[in-house]
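Subject: Structure for your files, with notes

Hello,

Here is the structure I said I would pass on. My notes follow below it.

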Amino acid sequence: MASFDVIFLGGGPAGYVGAIRCGQLGLSTLVIEREALGGTCVIWGCIPAKALLEAASIATKVSKAAEFGVNVGDVKLDFGVAMKRSRAVSTQNSKGVEFLFKKYKVTWIKGEGRVVTPAKGKPATSVAVKTAEGKDETHEAKKAIVISTGSRVKGLPQAGLELNKTTVISSDQALILEKAPKSIAIVGAGAVGCEFADVFNAFGSKVTVIEVLPNILPLEDADCSVELTKAFKKRKIDVLTGAKLGNVKVGKDNVSMTVETGGAKQELTVDVVLVAAGRAPNVDTIGAKEAGVQLTERGFIKINEKMETNVKGIYAIGDVAGPPMLAHKGQREGYVLAEQIAGQHPHPVNYGNIPNATYCHPEVASIGLTEQQCKEQKLDYKVGKFLFSNNGRARTSGELEGFVKIIRGAKYGEVLGAHIIGAHATELIHELAVARENEYTVEEIDLAVHAHPTLAEAVAEAALDSMGKMIHA
Amino acid sequence: MATKVVMEALSPTMEEGRLVKWLKNEGDAVKSGEAIAEVETDKAIMELVARADGILRKRVLGEGTAAPVGQLVGVIAGKDENIDALLGGAGAPAAGAAAQPNASAQAAPAEQVVAQSKETTGASSIPRNAAQAQGEASTPPQQKAGAATAPPQAPPPSQPAAGAQPQQGAPTNGGRARSSPLARRLASERGIDLGAMQGSGPGGRIVKRDIEAAASAPAQPVAQRQAAAPRAAGAGDFEDVALTQIRKTIAKRLSESIGPIPTFYLTAEFDLSRTAELRTAMAEMGDEFKVSFNDIVLKGVATALAQHPEVNAHWLGDKIRYHHRVHLGMAVATDDGLIVPVIFDADQKRMSDISREAKELAKRARERKLKPEEYTGSTFSVSNLGMFGIDQFTAIINPPEAGILAIGAIEDKQVVIGGEPQVRKRLRVTMSCDHRVVDGAVGAKFLQTLRRLIENPLMLVY
């Protein structure tokens with residue numbers, strides 16, 4: 001039995017960032033992670049998916065290369081190679097976290113941890129570990145036990161789509177396919193669904209996107225959803241929204257189903273169904289319930305603004321502590337919690353200013369409120385919009401899809417929300433994240449001179465447009 | 001234990017006091033409650049009273065010298081006690097005034113405030129009773145001392161662990177409050193002074209939530225005046241309302257613009273046809289029922305004030321006092337100059353009482369027979385130069401009152417009524433308003449009520 005200041009259950013983005021920060025602040029820190037450091041993000045999510053999306057992007061660019069005077073001859077696409085590169089990137093990143101653990105003296109035990117139920121009324125102070133080698137250990141946490149066990153794909157058994165790893169797969173399997181399926185139906189058109197639609201489309205699959213809500217990317221501003229739908233359809237991705245699944249038959253080599261949209265029914269048979277909807281928090285095997293940790297109605301661990309659970313000594317961060325299930329939200333929670341445990345007074349996590357990013361092509365990124373939310377909240381707002389087709393830099397690269405949309409308060413000009421769809425949208429959004437965090441108004445965004453020609457000029461132009469002063473349109 | 005004697009805020013408007021005379025020498029034994037010095041405030045000569053037993057070891061402030069409120073004046077200590085630590089802070093303002101909350105951060109190993117004061121002279125400003133002292137004696141010295149020793153707002157000198165975000169203090173950067181652009185816009189619209197604010201953002205930066213918190217600080221409602229106020233003065237005779245940030249900023253900005261009292265003027269012309277009818281009808285009933293136009297106007301003003309406590313108010317520098325009782329001052333010209341006797345509880349009096357009292361007060365004013373308590377304590381004043389044929393004029397506010405009504409001459413004038421030219425008796429009144437207390441619309445509403453009463457004098461008996 002060893003004694004640490006802080007023990008993290010789970011070494012994903014929330015846990016590993018929290019642990020590194022604890023290490024930097026001089027706290028003795030243990031992370032228990034059963035797989036590899038970096039968690040879903042590094043191993044099964046953000047990082048490998050983005051590596052595949054980059055391959056998709058190159059494929060799309062190459063297909064247009066002749067227009068730019070670059071003749072590349074016959075293009076051969078090999079999903080297997082793209083997948084292997086993606087795995088290599090993932091492994092490198094995980095090794096990177098291992099290196100940082102060593103640098104900041106964070107201990108990693110490969111295995112599964114479990115909170116040891118404390119005596120009634122006493123704080124939780126120890127964690128039982130089953131190591132990867134099968135040893136049982138118990139370790140003491142003097143200051144805090146942090147649950148950062150994340151979430152997992154769960155399939156849609158209620159729709160007849162039980163994950164079987166061959167014809168009904170989750171994103172986990174999609175990342176390790178040897179080749180792109182001939183046809184694929186992607187159920188759920190959130191960020192994950194749209195990204196895989198992009199990837200498989202670029203690698204030649206016949207892609208059908210199925211979304212139960214009226215729009216793809218249903219959490220984004222409707223303008224972006226409409227624009228992305230247009231772009232997808234142009235690339236021959238079938239987009240079925242407001243869709244109801246029925247009559248699902250899962251076979252050995254294919255899956256057939258009936259999809260009902262707007263009263264019209266259609267039969268669909270595909271090689272593979274990718275279930276890209278529904279993630280469940282990992283709370284079952286970690287001793288949390290036994291220790292009396294309260295959950296929310298949706299099964300997440302309930303925390304207060306200091307990330308404390310109802311059991312003294314136990315904290316929770318990241319996906320397991322509730323949505324938005326985003327790596328950067330978990331990372332910030334980990335960072336803030338580490339400083340808090342070290343006795344500092346960090347600024348709390350600003351949950352109202354967390355950017356969303358979807359890396360399909362065109363990319364979609366947003367921060368703050370959608371126009372719909374502004375309406376629901378009866379805010380007095382003005383919209384500024386600038387199309388990338390009017391932007392010089394976008395014209396040079398031929399990436400003309402999309403726009404920057406800024407919603408500002410009518411009275412004071414504060415940025416209520418910003419929505420970007422287009423090339424590099426996920427990079428461009430951060431100017432607006434900084435603006436919102438610092439309570440800049442559209443006037444300050446315009447006052448900052450933007451270099452020409454850049455895509456970022458579109459942000460400044462959208463700010464100008466919201467004041468009725470746009471130049472390039 | 002060594003204790004500091006500091007200059008106290010002896011009136012809400014007092015910013016400094018002049019030490020007129022030391023009553024004790026260095027080395028004299030003093031007892032708690034004993035006067036040790038005389039101090040001239042902006043209103044009167046007061047006694048500075050020791051609140052600790054001991055020896056007056058040091059007279060820090062020389063006679064005839066002024067010191068700002070809160071400054072060290074002297075030290076009371078044991079015979080051989082070392083008082084160097086206390087004297088080290090001499091010259092710098094110490095605690096004692098609410099206006100200097102940070103001063104108590106320089107904590108000395110001694111009790112902070114030890115002098116209380118009581119008014120001894122200055123009859124000209126002696127109020128009718130303690131409760132009407134317009135803030136002078138309303139705060140017991142014990143409370144003042146309590147306020148002075150309240151926890152400092154400034155952070156303790158020793159900084160917390162490295163890396164901790166300073167959540168308070170030092171919101172300024174080169175004298176300018178650090179604030180977000182949005183916070184500045186919100187503040188300027190709501191009239192909030194950023195300089196007086198602590199920010200909650202990084203490094204004390206003022207952000208939107210700080211402005212919203214400041215703006216939503218509860219505005220004290222003006223309590224409904226009771227229908228029949230007791231004759232005797234009581235604690236419920238007025239209500240002190242702390243100044244909101246917007247009120248502070250209005251006060252500061254407008255004062256800078258126009259002088260100590262940022263005055264504006266509202267003029268209205270009333271139709272006196274019905275008042276004239278009333279007067280004639282009453283005069284026909286006999287001489288004892290005769291009332292003057294002035295009496296009717298006084299009654300009207302008193303009634304209107306009862307309905308508009310927001311005008312029946314005093315500006316007290318750090319707060320506004322809304323009076324629940326109407327004590328109407330009436331300016332009287334005498335050979336010596338102007339004096340303003342008071343009709344107390346004027347709104348509760350019948351017109352005949354007001355008429356009799358007004359006549360009596362004017363007569364005794366001219367004979368210089370008014371007692372001080374008869375010309376202090378007014379909550380609002382009226383000045384009438386109509387008898388001199390002045391059509392309209394502006395009167396100067398009698399501080400700390402928030403307004404004064406100037407009454408001109410009644411004239412027969414041609415006016416258009418229902419499209420037809422008619423000759424009517426008309427009266428012009430001009431209200432001078434202290435903008436720190438009374439905003440334009442507030443004053444206008446008061447005049448609206450007054451017009452209704454004067455033009456329909458039967459309302460006065462309702």
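In this predicted model, the contact between the two chains involves 14 residues of chain B and twelve residues of chain A. On the chain B side, helix 3 (residues 181–190) supplies the largest share, five residues. By type, the chain B residues that touch chain A are eight nonpolar, four polar and two charged.

Chain A overall

Chain A contains 13 helices and 21 strands. It has 473 residues, of which 51% count as buried. Taking the contacts in chain A between residues at least 6 apart in sequence, 65% join residues at least 24 apart.

The five-stranded sheet of chain A

One open sheet of chain A has five strands in the order 17-18-21-20-19, with antiparallel pairing. Strand 17 (356–358) and strand 19 (381–387) of chain A each have a single partner strand, so they form the edges and one side of each has no neighbour in the sheet. From one strand to the next, the twist averages 10 degrees. Helix 13 (residues 457–466) of chain A packs on this sheet, where it touches strand 19 and strand 20 (403–409) of chain A. The direction of helix 13 makes about 140 degrees with that of strand 19 of chain A.

Going through the pairs, strand 17 of chain A is joined to strand 18 (residues 363–368) of chain A by three antiparallel bridges. Thr358(A) has Val364(A), in strand 18 of chain A, as its bridge partner. Strand 19 and strand 20 of chain A run antiparallel and are joined by seven bridges. Here Val383(A) is partnered by Ile407(A) of strand 20 of chain A.

Strand 20 of chain A also pairs with strand 21 (residues 415–422) of chain A, antiparallel, over six bridges. In that pair, Val404(A) is opposite Ile420(A) of strand 21 of chain A. Strand 20 and strand 21 of chain A make a hairpin with five residues between them. Gly413(A), in the turn, has a positive phi of about 85 degrees. How enclosed is strand 20 of chain A? Six of its seven residues are buried, so strand 20 of chain A is largely enclosed by the rest of the structure.

The three-stranded sheet of chain A

A further open sheet of chain A has three strands in the order 11-12-13, and its pairing is antiparallel. Strand 11 (243–250) and strand 13 (264–270) of chain A are the edge strands, pairing on one side only. The twist in this sheet averages 20 degrees from one strand to the next. Six antiparallel bridges hold strand 11 of chain A against strand 12 (residues 255–261) of chain A. Within this pair, Gly246(A) is opposite Thr258(A) of strand 12 of chain A.

Strand 14 of chain A

Strand 14 (residues 272–275) of chain A is buried on both sides: Val272(A) and Leu274(A) point one way, Val273(A) and Val275(A) the other way, and all are buried. In a regular strand, side chains alternate between the two faces of the sheet. Strand 14 of chain A has parallel pairings. With strand 7 (residues 168–169) of chain A, it shares two parallel bridges, and Ile169(A) is opposite Leu274(A). With strand 8 (residues 183–187) of chain A, it shares four parallel bridges, and Ile184(A) is opposite Val272(A).

Helix 9 of chain B

Back in chain B, helix 9 (residues 440–455) has 16 residues, and at 1.5 Å a residue it should span 22 Å. The end C-alpha atoms of helix 9 of chain B are 22 Å apart, which agrees.

Which residues of helix 9 of chain B are buried? They are Gly443(B), Phe446(B), Leu447(B), Thr449(B), Leu450(B), Leu453(B) and Ile454(B). These residues cover an arc of only 155 degrees around the axis, so they lie on the same side of helix 9 of chain B. The face turned away from that buried side carries the exposed residues Gly440(B) and Ala441(B). The buried residues of helix 9 of chain B pack against two helices and three strands of chain B: helix 6 (273–284), helix 7 (293–307), strand 13 (263–271), strand 21 (403–417) and strand 22 (420–434).

Regards

Definitions and conventions:
Residues are numbered from 1 along each chain as its sequence is written. Chains are lettered from A and ligands numbered from 1 in the order in which they are written. This is a predicted model: local features need pLDDT of at least 70, side-chain atom pairs count only at pLDDT 80 or more; totals for chains, interfaces and linings use all residues. Two residues are in contact if their C-beta atoms, placed from the backbone, lie within 7 Å. Ala, Val, Leu, Ile, Met, Phe, Trp, Tyr, Cys and Pro count as nonpolar, Asp, Glu, Lys and Arg as charged, and the others, Gly among them, as polar. The expected span of a helix is 1.5 Å times one less than its number of residues. A residue is buried if 20 or more other C-beta atoms lie within 10 Å of its own, exposed if 12 or fewer, and partly exposed in between; C-beta atoms are placed from the backbone. The arc is that of the directions from the helix axis to the C-beta atoms. Two strands pair if DSSP finds at least two bridges between them. Axes are lines fitted to C-alpha atoms, for helices over the stretch in contact, and angles run from 0 to 180 degrees between N-to-C directions.
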